[in-house]
Every structure is written in C-alpha cells, then in structure tokens.
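Colleague: I have this model open beside its sequence and would love a friendly tour. Please start with how the elements are named.

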Number of protein chains: 2
Amino acid sequence: MPESASSRQGQQPARESFGSRLAAAMAARGPLCVGIDPHPQLLADWGLNDDAAGLERFSLAVVEAVASLAAAVKPQVALYERHGSAGMAVLERTLAASAEAGVLSIADAKRGDIGSTMAAYADAWLRDGSSLAADSVTLSPYLGFESLRPALDLAAQHGRGVFVLALTSNPEGQSVQHVGGRDSVARRIAAAAAAENQRYSGALGSVGLVVGATIGSALDDLDIDLGPVRGAILAPGLGAQGATPADLRTTFGAAYPTVLATSSRGILAAGPSLAALRSATEETLAGLRED
Amino acid sequence: MPESASSRQGQQPARESFGSRLAAAMAARGPLCVGIDPHPQLLADWGLNDDAAGLERFSLAVVEAVASLAAAVKPQVALYERHGSAGMAVLERTLAASAEAGVLSIADAKRGDIGSTMAAYADAWLRDGSSLAADSVTLSPYLGFESLRPALDLAAQHGRGVFVLALTSNPEGQSVQHVGGRDSVARRIAAAAAAENQRYSGALGSVGLVVGATIGSALDDLDIDLGPVRGAILAPGLGAQGATPADLRTTFGAAYPTVLATSSRGILAAGPSLAALRSATEETLAGLRED
C-alpha cells in the first residue's frame, strides 16, 4: 500500500519536499507553529463540551483563524485519541481542513515502533490517501533512530516530513536523553538526523527535531551542535510555557534560523473569538520578528 | 474526567490490580499472550480485504479463538491506526470483545508524552468509560520514566496496568537503550519500574516491562537484574520471530516466572480456521509448559 500512490505516478514525488515547503512557509510568514491543543479546560473556557462535537468546533476554529498567518499548525494527537475513534475522526477533518486552508500540518503523535509495525504508523500518518495523512508527524526514538526508517523513507517518497524527539525541557527527560556523557542519547539523535538530511537538497531537509524552547544551556552542556542538522527545530514552549523570542535566540544560537517556535495555550487562550485568535497569533509573530 | 469513575465509587478501585489479575491468568492458563497483528499480508492470507471490515473479521476471530486459552491478547495499535478512525473503531470493538470474552487486553500503543498530554493518553487507554480502555497499555519512555506518571497513577487507581519499553531486540535499539555503560538507559527504566511496583502488594505489581525475547545476553551485558522489578515481563518474539521456550528460560533466568511470552505470527498464520488457531495456541502453551 505505501508504494501505490507514487507507483501510479511513476515514482515521481507528488509534491516538493516537506523541508522545502516548510522553509518557504517560514520565510513568508515567520517561524511560528500554532499548537491545536483541545485540553478539557480550554474547551470549557471556550464554552464547548468535552466531547467530539466540542473538539471539532475548537479545532476548525483554530484552523480558520490561523491558517493564513502561521507557518504550520500542530494538532496534539493525544487530545483527539482521548475521545476514541470519534476523536480521531475529528482529527481527520482537522488535518483535511488544514490542507484545504493551505497551512502545513504537524501531527504531534510521538509514534515509534520497529519493522512492519513502524511501517504501519508511517502508513497512517505519511501515506498519500490515508485519512490521517499530515504534512509531517512527530516520532519518538526510544527504539533507536534507525527504527524509524519506514517513516523516514515514506516521508521522502511522498514529500512529507518527520520531527524526531531529541532533547526536551521536562526535567525527567534527562534520565534518558542526557545519558552517555559526551556521546549522549540526544546528541546521537541529532547526529542521525543530520546524516539523514543529506539526502535532501535545499535549505532544510525534511527530518526535523523536537527540542524544547526552555532547555536552557542543555545544548552547550551536552556539546550538541544543531547547525549540521539542517532540518527544522520544532521548539515547543513559546509563550504560556515560559520561553520568550529572546530566549529562543539565546538557546539555539547559530541554529536559530531553523527554529520553528510553537505556541499553544498562549494563543488558544485568546479564543473562541476568531479575531482575538488572529490578534494573538499576529502579536506572537511580531514578537518573533522584532527579536 | 480521569477521577470521575472512581470518585462516584468513593475512591474504591473498580477491580483488583492488573498485576494480580495477570498473575492469576498466567497461573491458570500459562504465560502466553497472543498478539493480534492484522498485517496486510496476514489479512490477504486469511482471504480478507485490507480495510476496516477485514480488520474487524480478523480481530474478532482471534479473540473468539484464543480468549479462553491465552492469559492475554495484545492488539497492535499501529495496524488499526493505519486505517484511520474507522480502524480505531474496530480496535474499540476488539477491546470490548476481549473484555466480554474474559481475556486480559494489552493495547500495544507505545505511547509517551509529558504533563497534561500524557494525562490525555492515560485517559484514552486506562480510564473507565473510555471507548479505547484496555486492561493495560504499552508506553515508551524517551521523555523519561517519570514522564509517564499520569498513566502510572491512573492505572493504579483503575486496576489497570502498563508495560514500559525497556530493552528490545532490534539492533538499532542499542543506540538508545544500551547507552550509559553500567548505568544504562535500559537499566534505569528497570530500576524505576521496580521502585514503582513497591506500591503494589501481591506477586506482581501492575507496572510491567517490554523486554525482547531475542535479546540474547543483553541483560547480563548491561548488568540488569529483572528480579526486583516484580512486574510482568512482556517478551515479544516467541515462535515466528525466533525465540523458543528454552531460549526464554536462558535469557530471563530467575525472572522467567514473570515472563509473559508473546506470539503473533506463529499463531496467526494458522488462521482463519478457529480450530486451527486454537490448536496453534494450545501447542504454543504446551511448549511453554513442557519447558
């Protein structure tokens, strides 16, 4: 199944690479990704029920408000899965609405497995024709970066992308990511992403990393240089979670031009008014540009 | 939402702990978990279409055939997700059918996130009343064992369980799991599970680990002692993937009595005949008992 769509087109990729499309969107609009996080409390604040109908109104409102402003939107898959198959159906419609509205999507799923099971996850999120297909998906590499191979290859084939968890700001993440001293787990993931992006030409390859906006000096501490990665750095934590645009520049240094800052609650709290969501998005973008 | 079900019952757990229920099932039936892996090729071999209807016939047939024989069944979530929300609806019916048929379920989802997002995954898989609720779920700890806290606590509260990825047999897994020498990532995960299981009385706590059946000498090499874990060791790889019952005993040593061996293709290849699936399951169980 994964091959069928491109086979019909003689192995031509259906679209430009994800890295190229994301670089163009970041250049045109600014380096902002808006998280679509329908948390129960946010649904209540918006006057919506904590059910599939509430989820759908929330999600489609965010897409409508920010699709022409942000470089990307990032639905948080857990918050749809929490509503079972009905929630996943809302996610399908949210991803379709994002594509129709012309904004890139990042399905924040943090999936990871091995072999034919990993191929099935790739099939779900990165295959042309899949109802859950997104422009990109986040992946978790506990089973090794190379275990993600089916997704890396399917993404390349279909002009889609991945963001691999590397270094996060939650304190308990250190017990895995920082292990290994000068050859830490996080450093290995960054090196593997850099190697993988050599298959891509252009400013950005299609293999990004997830690196928390509030990691402080961890990149220096672990001697991790994100420059050679040449993929987008998805950095959650702008705004409500504590990082300012200036923090991002300090934290990421020379890699700052590849950072795609993610703000969720800082923008979503402005809803349900579409105008207020737009203003919050524009303010956040202005903050990123000024800096 | 996570608290509501047990709040209505005055904080009484709705059922015995997962560890106790699993220990009883393993004692009564033998230490076998049957994987429900509706891979495209298996669907074709069974004469079924690679769609939601085929998925459902496959899944319900496996449940019907093995529910009275195996200690647990383990649907592979990726293979349902691959069919989008329609596939997830089939998974809901498969989990419900397992519960009705009296066999414990392990949703092999390998989920992992932090904070309120991890709480949402816990809500999806471990909350009474969730359409995707399973007796237990597999989790991935790249963000740190402690990042799984919302699932650990909700599982304890609702008499459900988790299996945390620790040490897998795929060669690329070493680049994360083996890092750190005598204080490796995998060893830290095992130690954290052991500490967590101290909240449970009885033979088995409700926090299990996933450790590949074909890891060879890795436990010795990394100085990992699974004895103190006192949780079930879910060991995929019996049968078609290469491990024999004798291998399990050699690999796991003193921890062997806590091993829940998983066989998927070795048993599923016998279908679609229910009688043949039952025979294959009984043969696998006999092999485990003889050894």
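Modeller: Helices (H or I, at least four residues) and strands (E, at least two) are DSSP runs, numbered from the N terminus. This is a predicted model, where local features need pLDDT of at least 70 and side-chain atom pairs count only at pLDDT 80 or more, while totals for chains, interfaces and linings use all residues. Residues are numbered from 1 along each chain as its sequence is written, and chains are lettered from A and ligands numbered from 1 in the order in which they are written.

Colleague: Thanks! Let me begin with backbone angles: in which strand of chain A does Lys110(A) lie?

Modeller: Lys110(A) is worth a look, as its phi is positive, about 50°, although it is not a glycine. The residue sits in a strand of chain A, residues 104–111, and that strand is β3.

Colleague: Is Lys110(A) buried or exposed?

Modeller: A residue is buried if 20 or more other C-beta atoms, placed from the backbone, lie within 10 Å of its own, exposed if 12 or fewer, and partly exposed in between. Lys110(A) has 28 C-beta neighbours inside 10 Å, so it counts as buried.

Colleague: Arg230(A) also caught my eye; how many C-beta neighbours does it have inside 10 Å?

Modeller: Arg230(A) is a residue other than glycine with a positive phi, near 55°. It belongs to the loop between α11 (218–221) and β7 (231–236) of chain A. It counts as buried, and its number of C-beta neighbours inside 10 Å is 21.

Colleague: On to peptide bonds: what is omega for the cis bond that joins Gly271(A) and Pro272(A)?

Modeller: Pro272(A) is in the loop between α13 (265–268) and α14 (274–290) of chain A. The bond joining it to Gly271(A) is cis, with omega of about 10°.

Colleague: And near what value is omega from Gly271(B) to Pro272(B)?

Modeller: Pro272(B) has its place in the loop between α13 (265–268) and α14 (274–290) of chain B. The peptide bond that leads to it from Gly271(B) is cis, and omega is near 5°.

Colleague: Now the chain pair: which helix gives the most to the side of chain B that touches chain A?

Modeller: Residues are in contact if their C-beta atoms, placed from the backbone, lie within 7 Å; by that rule 47 residues of chain B and 47 of chain A take part. Elements giving two or more residues on the chain B side are α5 (77–81), α6 (84–101), α7 (115–126), α9 (174–177) and α10 (185–196) of chain B. With six residues, the one that gives the most is α7(B).

Colleague: By class, how many charged residues does that side of chain B have?

Modeller: Ala, Val, Leu, Ile, Met, Phe, Trp, Tyr, Cys and Pro count as nonpolar, Asp, Glu, Lys and Arg as charged, and the others, Gly among them, as polar. On that basis, the side of chain B that touches chain A has 19 nonpolar and 18 polar residues, and its charged residues number 10.

Colleague: Why is α7(B) largely enclosed by the rest of the structure?

Modeller: The buried residues of α7(B) pack against α5 (77–81) of chain A together with β3 (104–111), β4 (136–139) and α8 of chain B. Among those buried residues are Met118(B), Tyr121(B) and Trp125(B). The helix is largely enclosed because, of its 12 residues, the number buried is 10.

Colleague: At what angle do α7(B) and α8(B) pack?

Modeller: Axes are lines fitted to C-alpha atoms, for helices over the stretch in contact, and angles run from 0 to 180 degrees between N-to-C directions. The axes of α7(B) and α8 (residues 149–158) of chain B are 8 Å apart, and the angle is about 30°.

Colleague: What does that make α7(B) relative to α8(B)?

Modeller: Angles under 35 degrees count as roughly parallel, over 145 as roughly antiparallel, 65 to 115 as roughly perpendicular and the rest as oblique. With α7(B) and α8(B) at about 30°, the pair is therefore roughly parallel.

Colleague: Finally, is the crossing of α4(A) and α6(A) left-handed or right-handed?

Modeller: The axes of α4 (residues 52–66) and α6 (residues 84–101) of chain A come within 9 Å and cross at roughly 15°. A crossing is left-handed if the near helix is turned anticlockwise from the far one by less than a right angle, and right-handed if clockwise. The crossing of α4(A) and α6(A) is right-handed.

Technical notes:
Two residues are in contact if their C-beta atoms, placed from the backbone, lie within 7 Å.
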